[in-house]
Each structure stands twice: as structure tokens, then as C-alpha cells.
Amino acid sequence: MAAAAGLIVTLGLGSPAYAGDGQVDGDGGTTETDQPGADSGSGTDAGAESGKGSIGAHIRINQRTPASSGSTASATSSDAAWEPPVCWYEPMYTPEEYEKFIEDAYGGAGEPAASYARKRDKEKYHKGDKGLWWQVQFRDDNFSKACPVTTDNWEIWVPPADPQPDPNKVTPEILSELAFNSTKLPSPPVELQPRADRLLVNLGTRVAFKGDLDRVWTTASLDYKGVQLAATTVATPVALKVEAGTADADPQSCTYDLVKDKGGYTADSEGAGCNVTYLRASGNRTYPFKALITWKVTWTDSADPDGPARQPGLPDGLSTFEQDVTVKEAQAVNRSTGGDHV
């Protein structure tokens, strides 16, 4: 990736040859910069109530989160090794627009930019051919991770019938990964009974939901110059896990299945065989109680969350709630009357 960044610096341009210095939005992507022949977008912060944003040049993000879900945070993947795409190609220019872009961006530039401009000029920008020039776009401005696109092909020519699609061309699968990376999940709406500051040694702790959860879905879509693609990532809550935060508990963790009812998905530990029981008082300290929701994540190759699930699958998502709890010893009161003792 250092070579790619080196090309951008060498150009000495006010605007590099990718939509990478737009304003970072709430989902970690970048909003588009003005490019010759490109529509100027107006994506809003993905962390706003509208749940809308943009990534790259023309990919739009739209998330549907239940209004009653409370606070949200970016989804955490259950697979620590999973990473969203760093970069991809998007449709950007007609041949005429691309010629103007190269002339404006690379005119008078030194090497290696000058050689790149001559290479495109020899190709005549594919003027007269049917198709579009696709350009590399980045998920964000962090270039510490390698992008598989080389500086030899910052843009690629894509005819209407593409016999050998480049593996880095944006696809519904890539869109699904970008949608998952932009998804914000509700924190577990749990309530401890007794309250977190009134837990007692050897008294089972009940974990109750303060409200129901529902599915969360995020659509990433591209609609530019006749190229239309979409993918919708659907996260469904399936399990609640609670962790006592100390080895002095039996059990140290419990897992409850979430079940769907009229209001959404819920769990209640009342009558369950697994309830955390603290065996030792926390003293002057507290225990870091944690609740985690596991979300089963699927995706469709359209803007319809109820469309057929596609493969390959995505890892489960996680959302977390943490709370310090105080555990005290139960106090027994002894009363005496005269010489009798109880």
C-alpha cells in the first residue's frame, strides 16, 4: 500500500485519484469528493437518527434500527480474524469523462504519474467503446492495511459484458461486508434483580430484559451510471450471555436463548436453571458484570431484508453491556429479651 500512497503524493494534486479525502462519516467510511462527471452526494452521518451514510464514492448505507432499542454501538464480529474490504473498484467515468480526469489530474505531473497518464492516452481512454472506467475506492483513510489494487491499475476498463471480472470489483458480497461493518447494534437491555448495588452473597441474580429486541438490517447500495447493486445485512438476536466478572461466582456465566414474541425477541432468567450466584462479597471493590447479545447475521443480494439468504455467510455479531456490581454479605439481626437469646 506504500507504493499506492507514494503515487498520490507524487501527483501533487489538490484532489487525489480516488474519493479518499472526503469527510469521515459515522460508519468509518468516507463521503465522496467532487470528481469530473460524478454526481455530488449528500450522505449524512451514519450515526444520526436517519441511519444513513455513504462509503467510497457512490455506495449508500441505510440502516433500520427499532426506535425503542436505546443506545447502539458498532457491531463487533464474533470472528476476531474477520475484516471488511479495504478497497474495491466502483464505476466512475465514461471514456470522455475519464480523459478529462486524467488531463486535469495528471497534466504536468512528474514520474511515475506521467507514465501512468501516457499509458491511458495510448489506450485512447476507450473512446467509442461501450463501458465505463472503474476506479479504486477506500473504506476509510487508514492505509496501514494492504490494498490488493496496485498503482498500475488505479482505474480499470469494464465493458458491458465483462468476460473476466476483476476480483476487486464491487459485488453484492462486498456490499454485504461493508453493510455489516457499518451496522450498529442495540446494547443488551438488561436489568439485574436485585439491583446492581444491592446484590447479596448466595442469592441468585435474575437477569431480566427491560425491553424487547428486534431484527436490525443495513443496506449498502450502488446506483451510478447504470450500474445497480445492493446487499442487505440482517442481524437477528439469538442468545444472551451474562458473565459474573469474578471467579467467586457459581456459575461464572449463563447463556439464555432469545425467543420471539409479539414485541420482538426477549429473554427472562426467571425460573431458568442457570442464574449467577455470587459466593463472595465484593468488599470495597466492584465486580465487572457483562451481558452480551449474539446476533445471527445473514445477507441478501438486494435491498429486501426478507430475500433469500446468500453465501458465503457472515460471522455472528456481538453487542455488549457492562456494569459494575456491588455484592454484600447478608446481615442477620439478633435480638435478645431478658435472659433469652434467639
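## Exercises on disulfides, sheets and helices

Cys 274 is partly exposed, with a relative accessible area of 22%. Partly exposed is the class between buried (under 20% relative accessible area) and exposed (over 50%), computed with a 1.4 Å probe on protein chains only. The model is predicted, so local features need pLDDT of at least 70 and side-chain atom pairs count only at pLDDT 80 or more, while totals for chains, interfaces and linings use all residues. Residues are numbered from 1 along each chain as its sequence is written, and side-chain values use heavy atoms, leaving out hydrogens and water.

**Exercise 1. Find the disulfides of the whole structure and work out how the bonded cysteines are paired.**

Step 1. Take a disulfide to be a pair of cysteine sulfur atoms within 2.5 Å. Searching the whole structure turns up two of them.

Step 2. Start with Cys 87, which is bonded to Cys 147 with an S to S distance of 1.9 Å. The link is right-handed, with 90° about the S-S bond. This pair connects distant parts of the chain, 60 residues apart: Cys 87 belongs to strand S5 (residues 87-93), and Cys 147 to the loop between strand S6 (132-138) and strand S7 (155-158). Here strands (E, at least two residues) and helices (H or I, at least four) are DSSP runs, numbered from the N terminus. Cys 87 has a relative accessible area of 6%, so it is buried; Cys 147, at 8%, counts as buried too.

Step 3. Now turn to Cys 254 and Cys 274, joined with S to S 1.9 Å. This link is left-handed, with -95° about the S-S bond. Cys 254 sits in strand S14 (residues 253-257) and Cys 274 in the loop between strand S16 (264-266) and strand S17 (276-277), so the bond ties together parts 20 residues apart in sequence. Cys 254 is buried, at 1%, whereas Cys 274 is partly exposed.

Step 4. Number the bonded cysteines in sequence order, and the pairing reads 1-2, 3-4.

**Exercise 2. Which strands stand at the edges of the sheet S5-S6-S7, and how far does the twist go from one strand to the next?**

Step 1. Two strands pair if DSSP finds at least two bridges between them. On that basis S5, S6 and S7 form an open sheet of three strands, in that order, with antiparallel pairing.

Step 2. The edges belong to S5 and S7: each has a single partner strand, so one side of each has no neighbour in the sheet. From one strand to the next, the twist averages 40°.

Step 3. Look at the bridges. S5 and S6 pair antiparallel over six of them, and Glu 90 has Gln 135 of S6 as its bridge partner.

Step 4. Now try another open sheet, with three strands in the order S9-S11-S17 and antiparallel pairing. Its edge strands are S9 (190-193) and S17, each pairing on one side only. S17 is antiparallel to S11 (residues 204-209), joined to that strand by two bridges, and Thr 205 is matched with Val 276 in S17.

**Exercise 3. Describe how helices H2 and H3 meet, then decide whether H4 is enclosed.**

Step 1. The axes of H2 (residues 95-106) and H3 (residues 113-122) come within 10 Å and cross at roughly 160°. That makes the two helices roughly antiparallel, a class for angles over 145 degrees, with under 35 being roughly parallel, 65 to 115 roughly perpendicular and the rest oblique.

Step 2. Check which residues meet, with contact meaning heavy atoms within 4.5 Å. H2 brings Tyr 98, Ile 102 and Tyr 106, and H3 brings Ala 113, Tyr 116, Ala 117 and Arg 120. An α-helix has 3.6 residues a turn, so residues three or four places apart point the same way.

Step 3. For H4 (residues 172-182), eight of the 11 residues are buried, so the helix is largely enclosed by the rest of the structure. Among them are Ile 174, Leu 178 and Phe 180.

**Exercise 4. Place Thr 294 in its surroundings, and then in the whole chain.**

Step 1. Thr 294 is part of strand S18 (residues 287-300) and, at 22% relative accessibility, counts as partly exposed.

Step 2. Leaving aside residues up to four places away in sequence, Thr 294 touches Thr 236, Pro 237, Val 238, Ala 239, Asp 316, Gly 317 and Leu 318. Its C-alpha atom is separated by 9.7 Å from that of Asp 257, 37 residues apart along the chain.

Step 3. Zoom out: the chain has four helices and 22 strands, and 45% of its 342 residues count as buried. Among contacts with a separation of 6 or more, 71% come from residues 24 or more positions apart.

Notes: Axes fitted to C-alpha atoms, helices over the stretch in contact; angles between N-to-C directions.
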